[in-house]
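Subject: Structure for you to look at

Dear colleague,

I am passing on the structure we spoke of, and below it you will find my notes on what turned up in it. Please read them with the model open beside you.

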Amino acid sequence: MNAHSPSYLARGRTDAEDRLIEADELLAALQRSCGGEIPGVLAVPALLERVRQARAAGTRLSGAIEAFGGEDIIHAWIEVFPHSGNEAGCSIGIADWQVSPAVREDNAQAAVRHLEIERSVADLWARLDPAQGVLAAEAHAPDLAALALRMMQGAGRPWTDFVELPGAVHEQPMHWRLLDGLAVRVPESPREWTVTLAPLGGPEPGQSGFELYLASDAVLPTGEAPPHAEFAGPPATHLIGRNLAPVLRQPIARIIANAETIRTRLAGPLAEEYSNYAADIAAAGQHLLALIEDLSDLEVVEAEGFATAPDEIDLGDVAHRAAGILAVRAKEKGIALTAPPAGRPVPAVAEFRRVLQILLNLVGNAIRYSPEGSQIRLELSAEGARASVSVIDEGPGLDAEQQARVFEKFERLGRSGDGGSGLGLYISRRLARAMGGDLTVQSELGSGANFTLELPAAHKSQE
């Protein structure tokens, strides 16, 4: 039997270095659509793996492969015959060839995914008002600590006053769409930074302000400490210190970003199985990054004198933001995630970023433990001097003993292997109480759970 059987739809031949040196048009077109050339190393990952296996084993291999060919997914049955003697390469025969359209994310899903990536790799976060004035800022990298401090000291001024905009001659502040994606410089940092601006509120983007993220592709050289770059707060005495966390966070976040780029095929065509591998890498990186962030947050909330930066926020807007960020994850698990009705502001006094952090933890937990086909609801309430948002799921629920323990440090209620640290709810309650509120749970075993974040209302009734 040989690779020149008339039953083959296409044939090809590789050399000892796994370069495709001959190919019929069908195989040649797939090679080119995957970014390869003829002659050139096989650019179809699944086919290259089979060729290498056949050559190493010295025996014929056959089976189905899947490849991403431009806008289509190619499903093919291939047979690979290793050559003997001086030729040392392989002959390839393609016996079946099916084409199906590739499923791609729509624009909304792509936008959410892009923002998730930028949020995960950002080294500075800031909350801005509708005029792009700074309300709060926090740095995760030593060379941005001084910038975050200056922004907080100059609260109310446009964030663009604190960075250098190369070549910018427009009157400040520029429209947010012109600033999104811009490269900026920070006086205390040797690196160049890319801006991401996420508008808040609707129907007009930015009417409730913005979230600002700064990220860099460059790594801060080891041992380089910019002037005045120390992080505020007590000395680090725990396993993950405020100074160690950014060092760990940056390479892990870059791994996640690169894996997501591969998974979504932004870097070029890729077979579905390899896209799934990249998704696994990204998920594992997210778990590790979440653990580092939890340990770092634990030190912050347990530090003597810890306080939040309260501001007037719309609790309904934050709830919509949390639901939007996690909508794709819920959809992937077959769960209906329902945000509160739009257009119903619930003013509260709290730190926007911390409230979003708490809601992301609550909704993320609900998604993790809820069954497929169930529903998760976010409901708002305002009564007197208190405002609240509840995350209600249809999961397994908690009995009285579990409810008493669920907010304890490192408590996972016997759940193992889920990627959680057992710190999320503990940190969330500490944050809620630091903002003058509380985090509580109501549940019955087998009937789901209702976690409620309560905060001071922005407009208290007069006594």
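The notes that follow cover confidence, the nonpolar cores, one helix and some salt bridges.

This is a predicted model, in which local features need pLDDT of at least 70 and side-chain atom pairs count only at pLDDT 80 or more, while totals for chains, interfaces and linings use all residues. Residues are numbered from 1 along each chain as its sequence is written, and side-chain values use heavy atoms, with hydrogens and water left out.

The mean pLDDT (the predictor's confidence in each residue, from 0 to 100) is 80 for the protein chain, and 79% of its residues reach 70 or more. Please take care with residues 225-239, where pLDDT stays under 50, and with residues 1-5, where pLDDT also stays under 50.

The largest nonpolar core (buried Ala, Val, Leu, Ile, Met, Phe, Trp, Tyr and Cys residues joined through side-chain atoms within 4.5 Å) has 50 residues, and those with the most contacts inside it are Val 355, Leu 359, Phe 451 and Leu 453. Helix α9, which covers residues 352-369, gives the most to this core, with nine residues; helices here are DSSP runs of H or I with at least four residues, and strands are runs of E with at least two, numbered from the N terminus. Apart from this core lies another, of 25 residues, including Met 174 and Phe 210.

Of the 18 residues of α9, 14 are buried, so the helix is largely enclosed by the rest of the structure; buried means under 20% relative accessible area, exposed over 50%, and partly exposed in between, with a 1.4 Å probe and protein chains only. Leaving aside neighbours within four places in sequence, Leu 359 is in contact (heavy atoms within 4.5 Å) with Val 318, Ala 319, Ala 322, Val 389, Val 391 and Leu 453.

A search of the whole structure finds 19 salt bridges, each being a side-chain nitrogen of Lys or Arg within 4 Å of a carboxyl oxygen of Asp or Glu. One of them joins Arg 386 and Glu 454, at 3.3 Å from N to O, and this pair links distant parts of the chain, with Arg 386 in strand β16 and Glu 454 in strand β18, 68 residues apart. Arg 386 is partly exposed, at 29% relative accessible area, and Glu 454 is partly exposed too, at 32%. In another, the closest N and O atoms of Glu 25 and Arg 32 are 2.9 Å apart, and here Glu 25 is exposed, at 53%, whereas Arg 32 is partly exposed, at 46%.

With best wishes
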